[in-house]
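The paragraphs below lead through a predicted model, beginning with a pair of charged side chains and then turning to the chain as a whole. Please keep the structure in view while reading.

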Amino acid sequence: ILANYLSLISRTLFSRRLAKEAGYYEKEVKENEGKLAKMKADGRDPYDIKKFEEVLGESYMMVPDSKARLKKALEDLSLFLKNNSNVLDPESESMSEAKSIVATHSENDKETNDVDETKLDDLEEGEDF
């Protein structure tokens with residue numbers, strides 16, 4: 001039983017960390033979009049703008065990746081809760097926190113995504129996204 005609780009705590013902490021990471025990448029994209037717009041408005045050097053567009057592109061790519069890892073972790077945690085519900089105390093703090101994380105982030109996953117995935121395969125050589 002102790003091993004099950006340790007596994008539950010580990011999966012819960014991992015899911016929480018991935019949720020924070022996904023949120024961080026979304027925030028980073030929005031901040032970088034603002035910085036890029038300001039750079040263009042200020043008439044900054046085209047080379048600096050191009051390099052910052054590359055940075056923004058990397059941020060765009062991290063959003064779907066981090067969300068996919070979060071989704072997988074939440075599915076794993078959810079399955080663990082389901083498979084061990086008869087062993088673990090449903091009123092325990094660990095169970096409550098795990099259920100809360102699954103519920104909160106599963107709802108967020110259903111909401112529309114503000115950031116579109118960048119399709120790099122469709123870009124021509126030298127074309128900006």
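**Charged pairs along the helices**

In this predicted model, the side chains of glutamate 21 and arginine 17 meet in a salt bridge, with a distance of 3.6 Å from N to O. Both glutamate 21 and arginine 17 belong to helix α1, which covers residues 2-41, and the four residues that set them apart correspond to about one turn of the helix. Side chains of opposite charge can pair when their charged atoms come close. For the pair just described, the value of 3.6 Å satisfies the criterion, because a salt bridge requires a side-chain nitrogen of Lys or Arg within 4 Å of a carboxyl oxygen of Asp or Glu. As for its surroundings, arginine 17 has a relative accessibility of 44% and therefore counts as partly exposed, since that class lies between the limits of 20% and 50%.

The pairing of arginine 17 and glutamate 21 is also part of a wider arrangement, in that Arg17, Glu21, Asp65 and Arg69 are linked in a network of salt bridges.

A further salt bridge joins lysine 38 to aspartate 42, and here the closest N and O atoms are 2.9 Å apart. Lysine 38 has a relative accessible area of 51% and so is classed as exposed, because the exposed class begins over 50%.

Helix α2, spanning residues 46-83, holds both lysine 51 and glutamate 54, which are three residues apart, or about one turn of the helix. The side chains of lysine 51 and glutamate 54 form a salt bridge at 3.4 Å, again taken from N to O. Each partner is partly exposed: lysine 51 has a relative accessibility of 36%, while glutamate 54 has a relative accessible area of 33%.

The pairs described here are among the salt bridges of the model, for which the count comes to 10 by the same distance rule.

Turning to the chain as a whole, what secondary structure elements does the chain have? There are three helices and zero strands, and read along the sequence they give the pattern α-α-α. Among contacts in the chain with a separation of 6 or more, 75% are accounted for by residues 24 or more positions apart. Of the 129 residues of the chain, 30% count as buried, that is, they have under 20% relative accessible area. The accessible surface of the chain comes to about 8,900 Å², and carbon and sulfur atoms contribute 51% of that surface.

Note on methods. Residues numbered from 1 in each chain as written. Predicted model: local features only at pLDDT ≥ 70, side-chain atom pairs only at ≥ 80, totals over all residues. Heavy atoms only, no water. Helix = DSSP H or I, 4+ residues; strand = E, 2+ residues; numbered from the N terminus. Buried < 20%, exposed > 50% of the residue type's maximum accessible area, 1.4 Å probe, protein only. Contact = heavy atoms within 4.5 Å. Areas by Shrake-Rupley, 256 points an atom, 1.4 Å probe, with all protein chains shown as cover.
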